[in-house]
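Got the viewer open? Let's take a short walk through this model, one selection at a time.

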Amino acid sequence: MTHASAISRSAKRGLKSRVLAPWVFLAPGLIFFTIYVLIPIIRSIWIGFFDWDGLGEMKWIGLANYVELASDESFYVSLKNNLAWLILYLLAIPAGLAIALFLNQTIPGIRIYKSLFFFPFVISQVVVGLVFSWFYAPDFGLLPALIKTLTGANIAILADEHYATYGIIAAGLWPQIAYCMILYLTGLNAINPEQIEAGRMDNAKGLKMLWYIVIPQLGPATFIALVVTVIGSLRSFDLVSIMTSGGPYGSTRVLSYFMYEQALSEYGYRMGYGAAIAVVLFAIMMVFISLFIVRMLSEQRRA
Amino acid sequence: MRMKTALLGLALGVSVSTLAFAGQITINTDASDPAPKKAFEELVADFQKANPDVTVKVNTFDHEGYKGAIRNFLTADAPDVVNWYAGNRMAPFVKAGLFEDVTDLWAKEGLNDQLKSAASSMTIDGKKWGVPYTYYQWGIYYRKDIFAANGITPPKTWDELKAASAKLKAAGVTPFAIGTKALWPTGGWFDYMNLRVNGYEFHMDLTSGKVPYTDPRVKAVFDKWAELVKPGYFLENHAAIDWQDAVPAFVQGKAAMYLMGNFAVAAFKSGGLKDDQIGFLQFPSITAGLPMAEDAPTDTVHIPAKAKNKDDARKFLAFIASAGAQTKMNATLGQLPVNNKAEKPSDVFLDQGFAMLSNAYGLAQFYDRDAPAEMAKAGMEGFQEFMVKPDNQAAILERLEKTRAKVYK
């Protein structure tokens with residue numbers, strides 16, 4: 001009798017710890033996720049319904065911030081620029097792949113070349129922005145000097161509303177290509193040499209070999225490259241801030257910079273409006289993030 | 001042993017923090033550039049000499065970072081004295097009840113008389129919210145040697161200014177240096193165009209939201225302005241560069257005039273220009289017979305409403321308002337004292353600036369200090385667009401009017 005109850009007690013204890021243990025292990029992650037991610041998201045959505053300068057009273061205005069956003073030209077400029085960022089940033093994936101294929105060979109000193117190509121990803125985005133602003137600078141920059149000798153025209157990329165955004169995206173592509181390149185280089189290391197061998201026996205060469213044998217095996221690398229590039233394009237902020245501060249006359253704004261301008265910059269402090277912009281940006285990002293998560297989960301289930 | 005020192009340290013810490021209430025003031029300042037920093041250090045040293053019972057602790061912030069930080073420390077952990085700016089720039093803090101009303105100090109120390117020129121820009125709702133200690137003039141700095149080489153005399157009227165510009169342009173010199181990447185330099189141009197075309201009262205009405213931007217009088221300002229923009233009298237590609245980046249063009253003689261604040265003189269001189277190469281001229285008159293008002297931004301100190309030691313903070317404000325302190329401080333700063341009993345530093349540009357400002361009909365702070373932040377941002381962005389694309393004038397003004405309707409509810 002006593003014996004049996006002891007067994008059931010220890011079984012109970014085992015059950016209890018089996019229920020508790022995962023939560024204990026999850027706790028640090030959950031706590032920090034709640035404090036630094038969940039609560040700020042909920043707070044932002046909440047603040048989006050108020051008119052608030054960060055100092056005085058918060059005034060409930062319902063959806064007025066969103067209504068204003070819908071008729072705000074700057075918002076559409078930012079949205080359009082974000083779209084340009086998103087599409088053009090994807091160029092980093094094929095470009096990264098091309099460089100990775102080019103560097104994936106065994107010659108003396110290849111590590112040095114690889115590091116040189118990887119270098120732009122290592123340096124800070126702020127430095128990239130500065131380097132490119134000098135590269136574009138109207139009086140002493142290399143690019144305007146080159147354009148001038150070729151065509152005689154004087155172009156200041158960052159002062160021209162038609163070119164400025166593309167100029168910044170080009171600067172952003174530099175480190176992003178390096179990032180994709182490194183992803184593909186590791187991917188290429190993991191390629192099955194037997195399949196290459198088999199392909200060669202079947203007379204696959206050049207582009208056919210690349211398309212039918214190499215790229216399918218790079219699937220995981222492509223997926224990661226796509227995820228980091230899409231997210232990277234949507235959070236583009238530092239380059240815009242460094243290179244143009246959103247100018248000339250607001251034509252290079254992106255949503256994240258627009259939010260910063262409205263909520264936190266010298267002439268801003270419209271916390272509610274800034275929060276509303278953040279919510280819209282969050283919603284756009286959520287579309288992509290959900291797509292990625294759904295794909296990842298379905299793949300895990302298959303595996 | 002170690003334990004003992006730790007305890008001793010603790011005890012000391014406690015005694016220091018209790019002492020803090022007996023005559024310590026904390027000053028948060030954005031005087032991070034070399035000249036302002038030195039001026040502030042001297043000021044604090046003199047204040048301590050005069051008030052040995054008060055200890056002063058100074059926290060110096062980076063100039064740009066300060067603008068964000070002040071919002072945090074005013075609400076969370078307020079110091080006893082802070083730096084800020086006059087005009088509408090202090091309105092958000094006054095309205096949020098974060099600045100102390102110091103009207104009593106003005107009355108007691110006779111500041112209503114001594115600081116008279118800045119009294120209106122320190123007043124909101126009929127009360128004074130701080131003390132001004134320095135200001136500086138804006139105007140057109142020009143290259144005397146280039147003017148002489150082209151036979152140009154300093155223009156006094158709009159037509160003379162246009163004629164001089166045309167002459168310079170024909171000689172291959174860009175008439176005006178400017179860099180508008182940071183937007184605010186465009187505010188100086190708009191201020192002067194509006195002050196000269198429509199006058200001080202209209203400018204103040206506009207910046208306080210009483211006049212629509214689609215008003216024909218505002219249009220007139222832009223039409224006049226276009227007379228300089230359309231012929232290409234401003235430095236090309238100004239939207240890509242900051243004001244400092246435009247200084248080399250002025251120093252190298254590629255541009256001959258620069259509408260700027262007096263702080264630019266230091267940059268001209270460090271670029272290699274001599275005193276006799278630089279001239280200063282008041283912005284020419286446009287509408288004949290209109291009394292001339294000027295831009296003269298004023299820097300100020302305030303007591304946060306949540307300050308712990310307001311008595312000693314008041315002593316400090318009284319000290320910085322005094323003629324003696326302002327004389328010494330502005331000698332280091334190379335700017336003008338606000339106190340009319342103070343002596344101004346001897347400097348050829350400050351002499352001219354002082355003469356101009358003493359006769360000014362009224363003093364504007366600057367577009368981004370007179371207009372509320374949101375309006376200023378939209379406005380200066382519009383001015384920049386106008387200076388690149390003058391044909392967009394109508395669209396720009398309509399957009400600004402939309403912003404005005406939203407900002408001043």
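Start where the two chains meet: select the contact between chain A and chain B, to which chain A gives 21 residues and chain B gives 22 residues. Now keep just the side of chain A that touches chain B, and colour it by class: ten residues are nonpolar, seven polar and four charged. Bear in mind as you go that this is a predicted model.

Next, move over to chain B and pick two helices there: α10(B), residues 184-197, and α12(B), residues 216-229. How far apart are their axes, and at what angle do the helices pack? The axes lie 9 Å apart, and the angle is about 115°. Angles from 65 to 115 degrees count as roughly perpendicular, so that is how α10(B) sits relative to α12(B). Their crossing is right-handed.

Zoom in on the spot where these helices touch. From α10(B), show B:Met193, B:Asn194 and B:Val197; their partners in α12(B) are B:Ala220, B:Val221, B:Lys224 and B:Trp225. Sorted by class, this contact has five nonpolar residues, one polar and one charged.

Last stop: the largest nonpolar core, which has 177 residues. Select B:Tyr141, B:Phe176, B:Ala255, B:Tyr258, B:Leu317 and B:Ile320 to see the residues with the most contacts inside it. Then highlight helix α8 of chain A, residues 164-189, which supplies the largest share of this core with 13 residues.

Finish by centring on B:Phe176. Which residues does B:Phe176 touch, leaving out those up to four places away in sequence? They are B:Tyr233, B:Phe234, B:Leu235, B:Ala255, B:Met257, B:Tyr258 and B:Leu259.

Methods: Residues numbered from 1 in each chain as written. Chains lettered and ligands numbered in written order. Predicted model: local features only at pLDDT ≥ 70, side-chain atom pairs only at ≥ 80, totals over all residues. Contact = placed C-beta atoms within 7 Å. Nonpolar A, V, L, I, M, F, W, Y, C, P; charged D, E, K, R; others polar. Axes fitted to C-alpha atoms, helices over the stretch in contact; angles between N-to-C directions. Helix = DSSP H or I, 4+ residues; strand = E, 2+ residues; numbered from the N terminus. Parallel < 35°, antiparallel > 145°, perpendicular 65-115°, else oblique. Left-handed = near helix turned anticlockwise from the far one by under 90°. Core = buried A, V, L, I, M, F, W, Y, C linked by C-beta atoms within 7 Å. Buried ≥ 20, exposed ≤ 12 C-beta atoms within 10 Å, placed from the backbone.
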